Amino acid sequence: MSALVDRLLEIAAEASLVVREVYETPFSVDWKGKDDPVTAADRRANELICRRIAETWPGVPIVAEESEPETFAGFQTKERVFFVDPLDGTAEFIARNGEFVVMIGMVEGDRAIAGVVTAPATGEAWAGSVGDGAFHVNAAGARQKIRVSAETRIERARGVASRSHRSPALELALRDLALGSVGAVGSAGLKGAEIAMGRADVYFGPGKVGKLWDACAVDAIVTAAGGKFSDGRGAPFDYRAGSLDNVRGLVATNGPLHDVVVSCLARLGL
């Protein structure tokens, strides 16, 4: 697994250079749909990541955001599947606030077992494989093991929530939980990194929250760091579902606070 994670980090780092190259120049924005922007950085990073994965692991399906669905048709029946978000936080990329990442996760069987997240704006990375642990890579390339916090009291918990997508349902749940503090961070990958590093204790989104490629790498890293990741009802993510949509929400915590958050969402009907 360490060799697999190392290779995924290399691929994500190469994609980060492509993203950074576009970021540092004037770029145009296209729209795939309402509130769904896409840029050259998304497309170029997607193509590079898929090519590199196919070279390294030929025949393994790659479910990537900017790929045509026919390229990964039937992935649900395969033992191994890669999920790729070539630019998680495109809205943050467009806003030029630095809070965007490249994410690659791998599912084996029915669980996310490995994931990497790289931040083009800072040069940082986070990676993990379930059973082996998780680590942070600083801009100089130094690695440090990371682990979730041990906080058990919800009133002292540090939450992290979306910067660009604050739905009424999310605000309702945040008020009900009455966390000790809530920080705003763009990109699911960066929010997951905050949990894995123990700098935050709770991250959740009720209802429809992105796609499977928004969840897979975060799932693996948070779990590898000793935390817990589930859908909004407390069940493991179904990476073999017929739809790519995450329609049951997501919850990522340090573990001890997980049931409190899931119970809150259930009580509020979210």
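**A friendly tour of the fold**

User: Where along the chain is the place of Asp35?

Analyst: Happy to start there. This is a predicted model, in which local features need pLDDT of at least 70, side-chain atom pairs count only at pLDDT 80 or more, and totals for chains, interfaces and linings use all residues. Residues are numbered from 1 along each chain as its sequence is written, and side-chain values use heavy atoms, with hydrogens and water left out. With helices (H or I, at least four residues) and strands (E, at least two) taken as DSSP runs numbered from the N terminus, Asp35 sits in the loop between strand S1 (30–33) and strand S2 (36–38).

User: Is Asp35 buried or exposed?

Analyst: Buried means under 20% relative accessible area, exposed over 50%, and partly exposed in between, using a 1.4 Å probe and protein chains only. Asp35 has 58% relative accessibility, so this residue counts as exposed.

User: What is the phi of Ser187, which is not a glycine?

Analyst: Most residues other than glycine have a negative phi. Asp35 has a positive phi of about 55° although it is not a glycine. Ser187 lies in the loop between strand S11 (181–185) and H5, and counts as buried at 6% relative accessibility. The phi of Ser187 is also positive, at about 80°.

User: Which element gives the largest share of the largest nonpolar core?

Analyst: A nonpolar core is a set of buried Ala, Val, Leu, Ile, Met, Phe, Trp, Tyr and Cys residues joined through side-chain atoms within 4.5 Å. The largest one has 42 residues, and those with the most contacts inside it are Val63, Phe83, Trp126, Phe229 and Tyr239. Elements giving two or more residues to this core include strand S4 (80–88), helix H5 (188–196) and helix H6 (212–224). The largest share, ten residues, comes from H6.

User: How many residues are in the other core, the one with Phe135?

Analyst: This core lies apart from the largest one, and among its residues are Val19, Phe93, Ile113 and Phe135. One of these, Ile113, is found in strand S6 and counts as buried at 10% relative accessibility. The number of residues in this other core is 37.

User: Which residues is Ile49 in contact with, leaving aside its neighbours within four places in sequence?

Analyst: Ile49 has its place in helix H2 (residues 40–56) and is buried, with a relative accessible area of 0%. Contact means heavy atoms within 4.5 Å. Leaving aside neighbours within four places in sequence, the contacts of Ile49 are Ile11, Ala15, Val84, Pro86, Val102 and Ile104.

User: Why is the chain as compact as a globular protein of that length?

Analyst: The chain has seven helices and 14 strands. The globule rule is 2.2 Å times the number of residues to the power 0.38, and the radius of gyration is taken over C-alpha atoms. For 270 residues the rule gives 18 Å, and the chain is as compact as a globular protein of that length because its radius of gyration is close to that, at 17 Å.

User: What percentage of the residues of the chain count as buried?

Analyst: The C-alpha trace spans about 45 × 40 × 40 Å along its principal axes. Among contacts with a separation of 6 or more, 62% come from residues 24 or more positions apart. Of the 270 residues, the share that count as buried is 54%.
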